[in-house]
Structure formats: C-alpha cells, structure tokens
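Here are my notes on the model, set out as numbered points. They deal with the pockets and then with the chain.

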Amino acid sequence: MSTFDLRLTDHPTSDADRDAVVADPVFGKFFTDHMAVADYTEGRGWHDHRIVATEDFRLHPAAAVLHYGQEIFEGLKAYRHADDSVWLFRPERNAARFVSSAQRLEMAPFPEEAFLASLQELVTLEQAWVPQPDGEKSLYLRPFQIANEPYLGVREAKNYIYGLLATPVGAYYPAPVKLWVTPNYTRAAPGGTGAAKCGGNYAASLAAANEAAAHGCGQVLYLDGAEHRWLEECGTMNFMMLTADGEMVTPALGSILPGVTRDSLLRLAAEHGLTPVERQISIDELREGVTSGQITETFACGTAAVITPIVGFNSPEHGEQVVGDGEPGARTKELRAHLLDIQYGRAEDRHGWMRKVC
C-alpha cells in the first residue's frame, strides 16, 4: 500500500535525454521527473503525502525559512547492483538523524516511517534514473524540510513542507585533498547546531572553504570554537586518522555531525585489523604524529564523498605538511573499496545495512 499519492508529470523526460544524463551525471545538476512532498499544519499534523512533478515551490515572501532559517536536510544514495536491483544504504540512520535535526531546530519531526516510504516509493518510480555502478555512479537522494508559514516573528513556525529530490551523480571528490587548518573560522560549538544537518551550517562554511582554496587546499579542517585546539571535522565530511598502533581515531561526537559513513567505518574497523577510537584529538597531536610517523594515514568521510584521502595539511602558523609519502594510504584505499563493495553488492553485507528498493 502506497503512503504517497502518485500524480504523474505531464512532461516526462524522454528516454534518450534521461539516458544521456544517467550515463554522464553532474552532481546536483539534473533531477528526476518527480519528487515526494508532504505538508505539516499545526493542529492537523503531516498530511497530503504525494509524489508530483519536480517543480518550483511557491512561498510567501514572509515564509519563516527565508527569515529565520528553519531548514534541515539529509543526503543518501540509491545503488544499482549487478543483477539490476536497486538498494539503499542504512536509510534508517538518515531517518533518525532527520528527526534529531528537526528537534534541534524546533521543527515538527517528519515520521521516520514516512521518510522511509518516500525513499522507497520515489526511487521505485524513478528507478530508470539510477545509473549503472561504473565510475561510482548512483542516484543521490536529498530529503529536506522547510518552514513555510508566512510570519515575521522569532518563534518556531506552525507550517512546514517536506520534500525529496533525486539526482544522478558520480564521484564527489575524484582525487585526494589537502586540508587548510583555518585560524579564522569554526564549524560549531557546544550547545550549537553542529550535530544537526541544517543549511545554515553549510552556508557558514563557504568562507572557510574559499579561504582553503586560496591556500591551495581542497577542503578545510575546523578546530573547536572554545580553545581552537581540538579537531572537529571538515567542511562537508568527518575526519579520521590511522595510527602506527593500529587505531582508527576520530573526534568524539557532541558538536559535530554524527555521520552515517563515519559510524559505518568505525564498525568495519575490526575487519581491517584496526581498533576504533572516538576521542579528542589536538592539532598538536596531529602535527607531531604526522611528523613522527605515528599517524600513518588521514582521510575524510561522508555520503557524497565516501572516503576522500587526505594527503597533507596547510596552516599559516606551520606551513605545509605531507602525510606519509603524499599518496593515499593502503588501508584508506582498502576501507574505501570495502564500503563501496558493500553498497554496490559486490561484498557480503554482514551488518544488514542494505535495504532493497526494487
């Protein structure tokens, strides 16, 4: 039984145009013909769950999202396997985090079962948009929620829209990166919104990302806001490092995003002879460990990028520093291949992470 009422578009993309997009996708540029939508009204709850043509929203100029930033989103992917079936990777984690983000921003939480139903029903409908897995292609899914009540006043909104978009994508970071240790910007703070996946966090990261690019780095590494000493995360990914003692170490949760890929890698660590460790990591420990060889590999991880090898760091105080021989580490490559093999059905899913769509 469908949760979302299906209203097919009158102007579907031609098979030839769709196939061209799917064969050579550009991240976040082309979207499937349909999207999932639902509305929330105070006193009525969530209602009018529907799949409709992908089209513009109409918002009043006083919509709360435009003035007070009540907005959250998620990111996950649908993967095509060799037998042509289509699967999701740990969507329950995204559903739970979507609720947590909503609660942090005082938004009406979208029920997890409806969240999962929207993924199931939209991907089933648009399965022809899921690319073949060569080149790490997939169908990227973007659930989001915005406050659309027209009201000027600082309080939580009474009306919301849930939406789900889908876009064929390839690899997000095709090459290793260097990180800029920014002296000027922070990602989050205790009691802030760092653990929520909300648009304001990413808007605030743009200046730091541009600063990194100006110094020849592909991404930024944030330190904590209180002491400017402890590693937190990258602009769009969680940070991890491997040690000569066989540990996989990552900053503890609290003010950073609880990444699904981060959690998955911590659970895969033992299968690669690594001990997972979540704790504070100081910038001095990172610098000294890279210099001494105690820290052997560093990488960042997230849904879009999977695992991106980090081959060096740059900062105004200490200049450039190379990790190892400046190339992606062997274990980083092994972990990346293992996770991708699970997602694309090439390796056994021992953890029950994959959810079949169609």
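1. Where does the largest pocket lie with respect to domain 1 (5–169) and domain 2 (177–344)? The largest pocket lies between them, because both domains give residues to its lining. The domain bounds come from an automatic or database domain assignment.

2. This is a predicted model, in which local features need pLDDT of at least 70, side-chain atom pairs count only at pLDDT 80 or more, and totals for chains, interfaces and linings use all residues. Residues are numbered from 1 along each chain as its sequence is written, and side-chain values use heavy atoms, with hydrogens and water left out.

3. The largest pocket has a volume of about 560 Å³. A pocket is an open set of points on a 1 Å grid over the protein atoms alone, where a 1.4 Å probe fits, with protein on both sides within 12 Å along at least five of seven lines; lining residues have an atom within 4 Å of a point. Grid points are joined across faces, edges and corners, and the volume is the space filled by probe spheres set on the points.

4. Of the 32 residues that line the largest pocket, Y172, K197, Y202, T236 and A304 lie nearest its centre. β10 gives the most to this lining, with three residues; strands are DSSP runs (E, at least two residues), numbered from the N terminus.

5. The second largest pocket holds about 220 Å³. Its lining has 17 residues, with D224, W230, E232, S255 and Q280 nearest the centre.

6. The C-alpha trace of the chain spans about 60 × 55 × 35 Å along its principal axes.

Conventions: Helices (H or I, at least four residues) and strands (E, at least two) are DSSP runs, numbered from the N terminus.
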